[in-house]
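Trainee: I am new to this structure and would like a close look at a single part. Please pick one helix, then place it in its surroundings.

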2 protein chains.
Amino acid sequence: MDIINSIPDFKMTVYPEFVKKAEELKPALSSVLVRPAGLVRITERPQKQDGGVPDRIPFREADFAAEPAESIDALSRKTFGKGDSVCLDFGGHQVGYVSFRVEAVGSPQDAPAYLQIKLGEIPYEMGRDFAGYHGNISRSWLQEEFLHIDVLPAVIRLPRRYAFRYLEFRVLDTSPKYRVIFRDIQCESVTSADSGRVPPLKTADPELILIDRVSRKTMESCMQLVFEDGPKRDRRLWLGDLRLQALTNYYTFRNYDLVRRCLYLFAGLTQNEGRAGACLFLDPKPQVDDTALFDFSLMFVSCLYDYYEATGDRETLRELFPTARRQLELSMRELDEDGVVRDKETWWCFLDWGEGLNKQAGAQAVLIYALKQARQMALWLEDGKIADLYSRQADFVTEGALSRLWDAKAGFFISGEKRQRSWASQVWFVLAGVFDREKNRQLLTRLIQEDLPVKMATPYMYHYYVEALMENGLTDLAVETIRSYWGGMAREGADTFYEVYDPENRFASPYGDRLINSFCHAWSGTPAYFIRKYLT
Amino acid sequence: MDIINSIPDFKMTVYPEFVKKAEELKPALSSVLVRPAGLVRITERPQKQDGGVPDRIPFREADFAAEPAESIDALSRKTFGKGDSVCLDFGGHQVGYVSFRVEAVGSPQDAPAYLQIKLGEIPYEMGRDFAGYHGNISRSWLQEEFLHIDVLPAVIRLPRRYAFRYLEFRVLDTSPKYRVIFRDIQCESVTSADSGRVPPLKTADPELILIDRVSRKTMESCMQLVFEDGPKRDRRLWLGDLRLQALTNYYTFRNYDLVRRCLYLFAGLTQNEGRAGACLFLDPKPQVDDTALFDFSLMFVSCLYDYYEATGDRETLRELFPTARRQLELSMRELDEDGVVRDKETWWCFLDWGEGLNKQAGAQAVLIYALKQARQMALWLEDGKIADLYSRQADFVTEGALSRLWDAKAGFFISGEKRQRSWASQVWFVLAGVFDREKNRQLLTRLIQEDLPVKMATPYMYHYYVEALMENGLTDLAVETIRSYWGGMAREGADTFYEVYDPENRFASPYGDRLINSFCHAWSGTPAYFIRKYLT
């Protein structure tokens, strides 16, 4: 995600001991050399193929497919002159460093070679001309380079890291006297995930096997020096995304130290008043961003809770619990006298993209959810007094919710002045456990039946929806969602799950142009967690 | 220049001892750090300013000027976001390596910075959008880079060498959360010319002083590891260009070893049958091009002749005289039974750009010119037999010319089947000395009076025209040409003399687009030679 929401008078507070611990936990990346698997032809994909609803597509746009064209061996027999291009398929999603050799054939090279190199995670990026990008976030994320090579032959190692499956070479110019050939193309693909640590999957269901595989690949591509949200964009550690990655990691790659490192980074680099930032950067030096999000700060609590549950690492729990507590203190300040989170005009809380989603109720529910986890952590640390405090706070906030945000007549939680009824609000109140299991099931069933109009938009929110179904025994509905939503991406050939997926509009983008969407996004990679925790 | 004229079955013959000698003579480049002098605004230049003849301009085109805008100190106070740009003026022509520092200001850098960097020798290049280039040679010579910078601050040292006075930074994107500033911009300018060796100029004429200065700067920028034709394009050693550079060098920078090195390179790397190539390359390894030009091969003779005259270096003369002789042998083969060079359809001889110029007569004259120089070299080497041979050959070719190419009635030399009368043919026959001084003066005067329609096109040809005037005592006419032609460039603010200059059409280009012209071209840098040899 990419948002503009800066804290006034932003100031970072550094806790050097925590940062030091995080640095000590910096993972070694393993790398593997991957060569392209074949040549592909990028072709326009007829709209009818995609099952989309044309009138929901905001402008006439074409989608593209990659059709196998020739074997990779054919490349060595091809020479390229001005205007020629070739698209290579690396056979799967790669995150890494590309190198290749360019040679001249013909007369001596009498002018530089001028190349355009374009990389994309999906065929759509290869079919679109990046010059036509019309999104509202930085075009600098589009993976494209222009390269003059003065002397051939040359071995080129592109210095930047890319996330891609497809790579196109386009010769913008050579000269009439020579052509070029491309050789030894490879990607040094990197990850901090160790596939050898993934437990075998105990299911024979081919669809679940496929979805699990795509999940794991998504995770693997995002596991770098931290858990990145997406290796194409934004390539950084977001707290809300981390929570889902960590959960999935416990059931797959089990890289506990990477989670621990990320927790120490957020605890060691805080915003004003000790607030955990929404995201942070590693370069040029570790620093927290100036973006604050109510729910993301609270995800520090959830993330620590999950971590202890997965590892039993008492030392880390003890050391980081104060940071978790600070998030709750700061959040409690946002309550009015009835114990209800004050709504705001600004974008102060994430929950989901989704146009017009009011965040008040969701924020309230996330707070209850986190208070209950904090109570449990206090119990683990055998601090009854603190546990009692959180019990009382959870009750207070729950009462506030039930008295002001629960519309008993309609049977839904409402949010904001306009009493908005959204999927997000219901899902989060189910997760917050303000009702018992039976009432939760009724609420979820009613939600589906009445199909509230303010829908879920991101795989991030879909995760919590499935979690709510699973935790309340609505396993069939949960599996159905996994099969239709994540399965929908897998069926259209996704190697990794997307940042944005709307089964009814393949061109959906919160940024005004699908081109800039990330097509390998960790918050979308949680089906492996569901399948492994609840279904096998 | 940039031509397509490949020898069939091209094969390079290497004489390792000559190449070794050339490598031993490889000059050390001196470098100096140059910082931009100020900020400029590139503005459209009204057509009326340029004194051109509008109907000779092939399409409606604008020219551009660089107006001083702000001092360089102003740059440190400027921040740049998406779409912003700044144009820097380095105060004069530079050949070298650019480095700069980019910093982010605002929130932490949440997206790569995407920069376009454009470099130009003259304001016209800065005003034109390179995307609109419509020339017929490689666009790869246009000096423009696109750069993604993932982490700021960053010190960027562009790896390529550029020839430029103006440098534009254009920010294609940052993000709404940060802007960039540019600092520590500098060029490490390189040359193998040593200004300390230039003798003082003995004239008080301000115009000649200016023209001499621009000449020397042109030479300095082109003097690199060899004498390059132009440091923007083609950045390589052409034999015809070398001859003029060497001549000028003897009167200015006096880097005799650099000439010697270039002679050994041409002698050490020959084409089929020992032909001296039209040009050669240093990288990836020293190699001769597969382009052959009748007159350029013969320029090896002239170049060796000049070198000995300037240095008295008998050893080099002795060692390279066989290579010179080989060029004459190969050229003599091109004669018909009357001793006249056979005309050809292909582009086999350079002489000049100039549309429709027939090369037969010029080639004939160059051959006579070279035979006479070879005779003199034989005498220097005290080889009377060889000297006699060249005397007889020169007489034979002269007779052929006078019987078949001299139109006594019209008083002009004719060329080709269509009996073309061109400036180039007359000039070269004057230089070849087939007539005495008086008849030469008459021919030159008649040429100017009748203003033959097949005109001269390049400064290269203008050089030989001025040389012909000077050598025959028409000094005033020669000076007038220098003042009007080279002075014309200097008056419009040229830092260095151009590859192409047509006082009547500033958009002239042999490549279909002025953008690709070289604006620092050594074959245009010879006025310093004329001024110093003949005028002071």
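Mentor: What follows starts at one helix and works outward to the whole assembly.

Keep in mind that this is a predicted model. Start with helix α12 of chain B, residues 459–471. This helix has 13 residues. From its first C-alpha to its last, α12(B) reaches 18 Å. That is close to the 18 Å expected at 1.5 Å a residue.

Is α12(B) mostly covered or mostly open? Mostly covered: twelve of its 13 residues are buried. The buried run begins with B:P459, B:Y460, B:M461 and B:Y462. B:H463, B:Y464, B:Y465 and B:V466 are also buried. B:E467, B:A468, B:L469 and B:M470 complete the list. An α-helix has 3.6 residues a turn, so residues three or four places apart point the same way.

What do the buried residues of α12(B) pack against? Their partners are five helices of chain B: α4 (239–251), α10 (423–432), α11 (437–450), α13 (475–491) and α14 (527–535).

Now look at what flanks the helix. After α12(B) comes B:G473. The phi of B:G473 is positive, near 75°. On the other side, the loop between α11 and α12 of chain B holds B:D451. B:D451 also has a positive phi, near 45°, and is not a glycine. Most residues other than glycine have a negative phi, and most peptide bonds are trans. B:D451 counts as exposed, with 8 C-beta neighbours inside 10 Å. The cut-off for exposed is 12 or fewer.

Chain A offers another case of positive phi. A:D184 has a phi near 50° and is not a glycine. A:D184 sits in strand β10 of chain A, residues 178–191. A:D184 is exposed, with 12 other C-beta atoms within 10 Å.

Next, the peptide bonds. B:R233 and B:D234 are joined by a cis peptide bond, with omega about 5°. B:D234 lies in the loop between α3 (206–222) and β11 (237–238) of chain B. In chain A, a cis bond joins A:L152 and A:P153, with omega about 0°. A:P153 belongs to the loop between β7 (144–149) and β8 (154–157) of chain A.

The loop with B:D234 leads to β11(B), so follow that strand into its sheet. Strands of a sheet pair through backbone hydrogen bonds, either parallel or antiparallel. In chain B, three strands form an open sheet in the order β11-β13-β14, and the pairing is antiparallel. β11 and β14 (287–288) of chain B stand at the edges, each with a single partner strand, so one side of each has no neighbour in the sheet. Two bridges join β11(B) to β13(B), residues 279–281. B:W238 stands opposite B:C279 in β13(B).

Chain A has an open sheet in the order β11-β13-β14, also with antiparallel pairing. Its edge strands are β11 (237–238) and β14 (287–288), each pairing on one side only. Two bridges link β13(A), residues 279–281, to β14(A). The bridge partner of A:L280 in β14(A) is A:V288.

Step back to chain A as a whole. It holds 14 helices and 16 strands. Its C-alpha atoms fill a box of roughly 85 × 55 × 50 Å along the principal axes. The radius of gyration of chain A is 25 Å, which agrees with the value near 24 Å for a compact globule of 536 residues. Of the 536 residues of chain A, 52% count as buried. Among contacts in chain A with a separation of 6 or more, 79% come from residues 24 or more positions apart.

How do the chains relate? A rotation of 180°, with 0.0 Å of shift along its axis, superposes chain B on chain A with an RMSD of 0.0 Å. That is the relation of a two-fold axis. In chain B, the C-alpha nearest the axis is that of B:F146, 3.0 Å from it. The same surface serves both copies, as 100% of the contact residues of chain B recur in chain A.

How many residues does each chain bring to the contact? Chain B gives 34 residues and chain A gives 34 residues. β6 (113–120), β7 (144–149) and β9 (162–173) of chain B each supply at least two residues of the side that touches chain A. By class, that side of chain B has 15 nonpolar, eight polar and eleven charged residues.

Definitions and conventions
Residues numbered from 1 in each chain as written. Chains lettered and ligands numbered in written order. Predicted model: local features only at pLDDT ≥ 70, side-chain atom pairs only at ≥ 80, totals over all residues. Least-squares fit on C-alpha atoms with pLDDT ≥ 70 in both. Contact = placed C-beta atoms within 7 Å. Helix = DSSP H or I, 4+ residues; strand = E, 2+ residues; numbered from the N terminus. Nonpolar A, V, L, I, M, F, W, Y, C, P; charged D, E, K, R; others polar. Pairing = 2+ DSSP bridges. Rg over C-alpha atoms; globule rule 2.2 N^0.38 Å. Buried ≥ 20, exposed ≤ 12 C-beta atoms within 10 Å, placed from the backbone. Expected span 1.5 Å × (residues − 1).
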